[in-house]
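Here is a short briefing to read alongside your structure. Have the viewer open and follow the residues as they come up.

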Amino acid sequence: MAKKPFLSDIKTLRNRARKNLESGAIGTNYGGDVKKTVEILQSVLATELVCVLRYTQHAIAAHGISSEGVKAEFAEHAKEEWEHAQAVAERINQLGGEPNFSPDGLSTRSASQYSQGGNLVDLIRENLIAERIAVDHYRELIRYFGDGDPGTRVMIEGILRVEEEHADDMHDLLVAHEGRPPLKK
């Protein structure tokens, strides 16, 4: 079995970089499918935007004697989801795509759903469901991108960590407001 060099020599790296300027941030050794990656990231962007809208609406609509802490948590999550959306949009741009912020078709491009209304527990439950969808979806995407697109994979890994925290927060709030654990441990 022939041994492959761990790194290209400096001269080769420099020559490749000068020859392929038109590929922008992608470079010559990008192992993914740029078109498919942009398409996937458009869905991730839509998912994050729907989460921003849902959390923002819930932060405003939540009411009741014990709603202030929950409202603050929803507002914080909306801010973090917006940061995710911006990071994803930047990655789409780096890959030569144009981020789709259009509200037309947003809900059909998103993995998670938009929901509004209901009592405080209903709002928490809907956000937990949405976070679970995002967590499962992003884990699948991390496996999909693997070593072919480490830049996108690492970005999704960072978003996943926050989404897992969000799911844990929503689970804790649900337990606190329902008085019993809704999920098996």
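In this predicted model, K36 and E39 join their side chains in a salt bridge, with 3.5 Å from N to O. Both residues belong to helix α2 and sit three residues apart, about one turn of the helix. E39 counts as partly exposed because its relative accessibility is 48%, and K36 is partly exposed too, at 33%.

**More salt bridges**

- The search of the whole structure finds eight salt bridges, and the pair above is one of them.
- R91 and D149 form another salt bridge, and their closest N and O atoms are 2.8 Å apart.
- This pair links distant parts of the chain, since R91 is in helix α3 and D149 is in the loop between α5 and α6, 58 residues apart.
- D149 is buried, with a relative accessible area of 1%, and R91 is buried as well, with 14%.
- R139 pairs with E164, with 2.9 Å between the closest N and O atoms.
- Here helix α5, which holds R139, is linked to helix α6, which holds E164, across 25 residues of sequence.
- R139 is partly exposed at 36% relative accessible area, and E164 is partly exposed at 31%.
- D122, R125 and E178 are joined into one network by salt bridges that share partners.

**A buried charge without a partner**

- What is the nearest side chain of opposite charge to E80, and how far away is it? The nearest is K79, at 6.1 Å, and E80 has no salt bridge although E80 is buried.
- The cut-off for a salt bridge is 4 Å, so the 6.1 Å to K79 is too far to count.
- E80 lies in helix α3 and, leaving aside neighbours within four places in sequence, is in contact with V162 and H166.

**Aromatic rings**

- The structure holds three aromatic pairs.
- Y55 and F74 make a tilted pair, because their ring centres are 5.9 Å apart and their planes meet at 50 degrees.
- Y55 is in helix α2 and F74 in helix α3, so this pair ties together parts 19 residues apart in sequence.
- Both partners are buried: Y55 has 0% relative accessibility, and F74 has 0%.
- Y144 and F145 make an edge-to-face pair, with centres 5.2 Å apart and planes at 75 degrees.
- Y144 counts as partly exposed at 45% relative accessibility, whereas F145 counts as buried at 4%.
- R54 places its charged end over the ring of Y55, 5.2 Å from the ring centre.

**Nonpolar cores**

- In soluble globular proteins, nonpolar side chains tend to be buried together.
- The largest nonpolar core here has 25 residues, and L41, V44, L45, V88, Y138, L141 and I156 have the most contacts inside it.
- Helices α2 (34-61), α3 (68-94), α5 (120-145) and α6 (150-178) each supply at least two residues of this core.
- Which helix gives the largest share? That is α2, with eight residues.
- V44 touches V88, H137, Y138, L141 and I156, not counting residues up to four places away in sequence.
- A second, separate core has 15 residues, including A59, A62, L120 and A167.

**The overall fold**

- The protein chain has six helices and zero strands, running α-α-α-α-α-α from the N terminus on.
- Of the 185 residues in the chain, 39% are buried.
- Among contacts between residues at least 6 apart in sequence, 78% join residues at least 24 apart.

Notes. Residues numbered from 1 in each chain as written. Predicted model: local features only at pLDDT ≥ 70, side-chain atom pairs only at ≥ 80, totals over all residues. Heavy atoms only, no water. Core = buried A, V, L, I, M, F, W, Y, C linked by side-chain atoms within 4.5 Å. Buried < 20%, exposed > 50% of the residue type's maximum accessible area, 1.4 Å probe, protein only. Helix = DSSP H or I, 4+ residues; strand = E, 2+ residues; numbered from the N terminus. Contact = heavy atoms within 4.5 Å. Lys, Arg positive; Asp, Glu negative; His and termini not counted. Phe/Tyr/Trp six-rings, centres within 6.5 Å; stacked < 30°, edge-to-face > 60°. Lys NZ or Arg CZ within 6 Å of the ring centre and 35° of its normal.
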